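Hi,

Here is the structure I promised to send over. Have a look at it first, and then read on for what turned up.

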Amino acid sequence: MSTDTRYLNFIRNNAPFLATGALLSFLSSFGQTFFISIFGGEIRTAFGLSNGEWGLIYMVGTGASAVAMVFAGGLADRFRVRRLGITIVLMLGMSCLLMAFNPFAAMVPVVVFFLRFFGQGMTTHVSSVAMSRWFIATRGRALAIAAMGFMLAEATLPLFMVWLKSYVDWHIIWIFCAIFCAAMAPVLFRLLRLERTPQVVAEQDQAKGLGRKHWTRLDALKHPIFWAMAPAVMSFSGFGTAFWFHQVHFAEIKGWSHLALVSVFPLGTITLFLSTLAYGRLVDRVGAVRLLPFYLIPYVLAFVLHWYAPTLAWTALAVILMGMAGGGQNTLLNACWAEFFGTKHLGSIKSATTALMVLGSALGPGVSGWLIDRGVGFETQMLGYAATFALAALLLQYPVNVYQRERRK
C-alpha cells in the first residue's frame, strides 16, 4: 500500500477525531493575533489609542490569559473534549460579542483577555492535547491534520476580513464571529458522539516519557529540558505575534497598502500547509526530537528579510519562510512534549507550555509597540528578533542530547 493511500485511510478511519482537532484550531483564530490585529486600526481609532498604548493593553490582557492557562489547562486531563471543547467554544463566542458591544476603553484589556484565553489559549490547548493523547504512533500526522484548521483560517480570514470591512462595520463582523461559534457547538457534539476520552484509556495505554515514567507538571518544570525549550516557545509566539499585530504599521512604514500586504499572507499559509504535512510525516518516520534544532532556522532568515525588504516581493519571501518554520512549530513541539514527558499528565504539562506561548505573545506586541513609540523602528527590531531565534535554536540542542543519552541506556 502506498504512503498516500495509507494517509488517506488514516484520515478516513479517524475522521471525527481529526475533524474535531481541525475545527477547534480553526475556531481559535478568533482569539489569535493575526485575526484581532486586522481590526487594530479601528480599535485604536475607536478608543483613541497609540501603537504603544494598544500594544500595552494587548500585553496586559494576553499576559493575564497566560496566568489563567496555568490553572485552567489541566482541565484537559479531567474532562472529556466534548464537554470542555463545547464550553470553551461557546465562551469564545461570548467574547466576540463583548468585543462587538464594548463601549469603554477601560474594558478593552478585559475583552482581549477573554478572546486570548478562550481562543489562542484553551481552544488551541484542547485541540493539541486531544491529538497528542488520542494518537501515539501517528501523532505527527494527527497534529498536522488538526493544524490545518488554523491554516485554513489564516489563509482566508485576513484577506476576506480586510475586504469585508470596506462594506460592513467592524462591530457587525464580530457579531457574525459569535454566531459562527454558537453554530459550531452542536457540530462538535455530533463529531464526538463516540469520543475517545481520557477516562476510558487504560493506564497501560498512556505513553511514558524519559526514564520510562509518567512525568507530572512539577517534574517537567524542575528539569532543564523544559526551560531549554522555553525560549523557542516564547520567541516564536512573541515576535511572530509582534509582526502580525503591527501589520498595519509595518505596511505604512514600507509604503504599501494594508490590503497589498495581506495579499501575500496566503503564500505563507500555503507553505505552512505543505511544511506541516511534511513535518507530520517526518515526525512519524524520523522522530520529532531529531528534527527539533532545525525548524527555527527559516524564522531567522525571515526576519532578516523583513528588516531588509525594499519591495513587497521580499516580504512575500519572508512570509514563505515563516510558513516553513510554522510547520515545525505546529507538530514538533507538541510531539516532543509527549516524547519527553509522556501523555498521562500531558494536559497539565501543556498548560504550562501554552502559558509560555501566550505570555510570549503578550510581551511581543507590548514591547515592540513601546519601542515604536520611543523611536526604535519596527524594521530595526526585526534584526533583534532574528538573533533571538538563532539563540533559541542553539538551546534546542540540549534536550536532543539528553534524549539521545536516555535512548542509549
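A cavity, on a 1 Å grid over the protein atoms alone, is a set of points where a 1.4 Å probe fits but cannot get out. Points are joined across faces, edges and corners, and a volume is the space filled by probe spheres set on them. This is a predicted model, in which local features need pLDDT of at least 70 and side-chain atom pairs pLDDT 80 or more, while totals for chains, interfaces and linings use all residues. Residues are numbered from 1 along each chain, and side-chain values use heavy atoms, without hydrogens and water.

The whole structure holds four cavities of 30 Å³ or more, and the largest has a volume of about 880 Å³. Its lining (residues with an atom within 4 Å of a point) has 40 residues, and Gln-32, Phe-150, Phe-236, Gln-329 and Asn-330 are the closest to the centre. α17 gives the most to this lining, with nine residues. Helices here are DSSP runs of H or I, at least four residues, numbered from the N terminus.

Now to a single residue. Ser-29 sits in the loop between α2 (15-27) and α3 (33-36). Is Ser-29 buried or exposed? Ser-29 counts as buried because its relative accessibility is 0%, and buried means under 20% with a 1.4 Å probe, protein chains only. Leaving out residues up to four places away in sequence, Ser-29 touches Phe-34, Phe-35, Ala-153 and Leu-157, where contact means heavy atoms within 4.5 Å.

Best wishes

Methods: Helices (H or I, at least four residues) and strands (E, at least two) are DSSP runs, numbered from the N terminus. Buried means under 20% relative accessible area, exposed over 50%, partly exposed in between (1.4 Å probe, protein chains only). On a 1 Å grid over the protein atoms alone, a cavity is a set of points where a 1.4 Å probe fits but cannot get out, and a pocket is an open set with protein on both sides within 12 Å along at least five of seven lines; lining residues have an atom within 4 Å of a point.
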